[in-house]
Amino acid sequence: MNILIIMLRIVHIFCGVFWVGGAMINHFVLVRVVKATAPEGGRFMGKIMGIGRFSMLMTLAAWHTILSGGALIYIDSGGLQWSWFTTGIGVGYGIGALAALGAFLIGAIILGPTGEKIGGLQASFGSDGPSPEQGQQLAVLNARMATFGELNHTLLLISL
């Protein structure tokens, strides 16, 4: 097997595992813990986004997954030959690629920036918790995260 294909597969698999796993842990664990432990949880999430660079790491993992996957599709399809995309494997890879691209766009355009806003907002809470205005802003941002988070996870699971 060609060393390029082996390296692309390694990058694709490892970065994909990090991307999907990080998204699932964030959605099903971290977000719920942060909500339950506010305002301390908000400060914690602010640190994850700031010092931990979670959003940046997720973006890098997603980019590497998509680029290596695109290169693998290009190689497997013989230079993007349409006839390959009509085969069973071509249809399967195409669906996975489109789902991953959709998840990436949702993450980059909606979830990442919204998560950073939530982290910044929660980090600014006083010792008494959020003000009524901050609480209202937080509720709107959390609703957006919940809605688009579900769509994002559905697309990531389809891409798997």
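This section describes the overall fold of a predicted model, two of its helix pairs and three individual residues.

The protein contains 6 helices and 0 strands, and its elements follow the pattern α-α-α-α-α-α along the sequence. Taken along the principal axes, the C-alpha atoms fill a box of roughly 60 × 25 × 20 Å. Of the 160 residues in the protein, 39% are buried. Among contacts with a separation of 6 or more, 75% join residues that lie 24 or more positions apart.

Two helix pairs were examined by axis distance and crossing angle. Helix H1 covers residues 3-36 and helix H6 residues 132-159; their axes come within 10 Å and cross at roughly 155°. An angle over 145 degrees counts as roughly antiparallel, and H1 and H6 are therefore assigned to that class. The crossing of H1 past H6 is left-handed. On the H1 side, the contact involves Trp19, Val20, Ala23, Met24, His27 and Lys35. These residues meet Asn142, Gly149, Glu150, Asn152, His153, Leu156 and Leu157 of H6. Sorted by class, the contact of H1 with H6 comprises 6 nonpolar, 5 polar and 2 charged residues.

The second pair consists of H3 and helix H5, the latter spanning residues 88-123. The axes of H3 and H5 come within 11 Å, with a crossing angle of roughly 165°. H3 and H5 are therefore also described as roughly antiparallel to each other, and their crossing is left-handed. H3 contributes Ser55, Thr59, Ala62, Trp63, Ile66, Ile73 and Asp76 to the contact, while H5 contributes Tyr93, Ala97, Ala100, Leu101, Phe104, Gly112 and Glu116. The residues of this contact divide into 9 nonpolar, 3 polar and 2 charged.

Asparagine 152, one of the H6 residues that meet H1, was considered individually. Its relative accessibility is 4%; since buried means under 20%, asparagine 152 counts as buried. The side chain of asparagine 152 reaches the backbone oxygen of alanine 103 at 2.8 Å. With neighbours within four places in sequence left aside, asparagine 152 is in contact with Ala23, Ala103, Ile106, Gly107 and Leu111. Of these partners, Ala23 is also listed among the H1 residues that meet H6.

The loop between helix H3 (54-76) and helix H4 (82-85) holds serine 77. At 4% relative accessibility, serine 77 is classed as buried. Two backbone oxygens lie within reach of its side chain: the side chain of serine 77 reaches that of isoleucine 73 at 2.8 Å, and a polar atom of the same side chain lies 3.3 Å from that of tyrosine 74. Isoleucine 73 also appears in the contact of H3 with H5, where it is listed as Ile73 of H3. Apart from neighbours within four places in sequence, serine 77 is in contact with Trp84 and Phe85.

Leucine 80 is likewise found in the loop between H3 and H4. Although leucine 80 is not a glycine, it has a positive phi of about 65°. Its relative accessibility of 49% makes leucine 80 partly exposed, whereas serine 77 in that loop is buried.

Conventions. Residues numbered from 1 in each chain as written. Predicted model: local features only at pLDDT ≥ 70, side-chain atom pairs only at ≥ 80, totals over all residues. Heavy atoms only, no water. Helix = DSSP H or I, 4+ residues; strand = E, 2+ residues; numbered from the N terminus. Buried < 20%, exposed > 50% of the residue type's maximum accessible area, 1.4 Å probe, protein only. Polar contact = N/O pair within 3.5 Å; in protein donor to acceptor, adjacent residues only side chain to side chain. Contact = heavy atoms within 4.5 Å. Axes fitted to C-alpha atoms, helices over the stretch in contact; angles between N-to-C directions. Parallel < 35°, antiparallel > 145°, perpendicular 65-115°, else oblique. Left-handed = near helix turned anticlockwise from the far one by under 90°. Nonpolar A, V, L, I, M, F, W, Y, C, P; charged D, E, K, R; others polar.
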